[in-house]
Structure formats: C-alpha cells, structure tokens
Amino acid sequence: MADFLTGIAFFLVIEGLVYALAPSSLKRMAALLPSIPDGQLRFFGLLSVAIGVALVWMIRG
C-alpha cells in the first residue's frame, strides 16, 4: 500500500510541476486534444501503461 501511495504522490508532484511551470503550453495541448483521433489517443495511452508496468517490473522485480 505504501508503494501505491508513493506512486500517487509522485504523480501529483509531476502533474503539479506541469501546471506550475508551463500552464500556457498545457492549455494549448488540451485545446488540440479534440483533433486527435480516438484510436491514436488509445494506442498511446496503452503504450504508456505498458511502459510504466515494464519499468515498475524491472525496478521492483
């Protein structure tokens, strides 16, 4: 459970840094999201999940 909470904490830190350091870039990226096909978003989302799981497996394995 501690690892899960640590992961959530790191997520919040990284997310907060994006909002704090580059809010205008974040707004521009969010405005572009509707123009990206769903399939492409889904593919890169699943790819990110797979890379994250692989990294956790390699680090913790």
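**Note on a predicted three-helix model**

1. Of the 61 residues of the protein, 2% count as buried. The model is a predicted one, and the points below should be read in that light.

2. Overall dimensions. The radius of gyration of the protein is 15 Å, whereas a compact globule of 61 residues would have a value near 10 Å. Along the principal axes, the C-alpha atoms fill a box of roughly 40 × 30 × 15 Å.

3. Secondary structure. The protein contains three helices and zero strands. Read from the N terminus, the order of elements is α-α-α. Two of these helices, α1 (residues 2-21) and α3 (residues 38-60), recur in the points on the salt bridge and on the pocket.

4. Salt bridge. How many salt bridges does a search of the whole structure find? The search returns one. The partners are Arg60 and Asp3, whose side chains meet at 2.9 Å, N to O. This contact links distant parts of the chain, with Arg60 in helix α3 and Asp3 in helix α1, 57 residues apart. Arg60 has a relative accessibility of 59%, above the 50% limit, and therefore counts as exposed.

5. Aromatic contact. The whole structure yields one aromatic pair. Phe43 and Phe44 form this pair, with 5.1 Å from centre to centre and 80° between the planes. Because an angle over 60 degrees is classed as edge-to-face, the Phe43 and Phe44 pair is assigned to that class. Are these two rings buried or exposed, or in between? Phe43 is partly exposed, at 48% relative accessibility, and Phe44 is likewise partly exposed, with a relative accessible area of 44%. Both values fall between the limits of 20% and 50%, which is why neither residue counts as buried or as exposed.

6. Largest pocket: extent and centre. The volume of the largest pocket is about 500 Å³. Its lining comprises 15 residues, and those nearest the centre are Gly7, Phe10, Phe11, Gly52 and Val56.

7. Largest pocket: origin and character of the lining. Which helix gives the most to the lining of the largest pocket? Helix α3 does, with nine residues. Helices α1 and α3 each supply at least two residues of this lining. By class, the lining has eight nonpolar, five polar and two charged residues.

8. Helices α1 and α3 together. These two helices are linked by the salt bridge between Arg60 and Asp3, and each of them also supplies at least two residues to the lining of the largest pocket.

Key. Residues numbered from 1 in each chain as written. Predicted model: local features only at pLDDT ≥ 70, side-chain atom pairs only at ≥ 80, totals over all residues. Heavy atoms only, no water. Phe/Tyr/Trp six-rings, centres within 6.5 Å; stacked < 30°, edge-to-face > 60°. Buried < 20%, exposed > 50% of the residue type's maximum accessible area, 1.4 Å probe, protein only. Salt bridge = Lys/Arg side-chain N within 4 Å of Asp/Glu carboxyl O. Helix = DSSP H or I, 4+ residues; strand = E, 2+ residues; numbered from the N terminus. 1 Å grid on protein atoms, 1.4 Å probe; cavity = no way out; pocket = protein on both sides within 12 Å on 5 of 7 lines; lining within 4 Å. Points joined across faces, edges and corners; volume = space filled by probe spheres on them. Nonpolar A, V, L, I, M, F, W, Y, C, P; charged D, E, K, R; others polar. Rg over C-alpha atoms; globule rule 2.2 N^0.38 Å.
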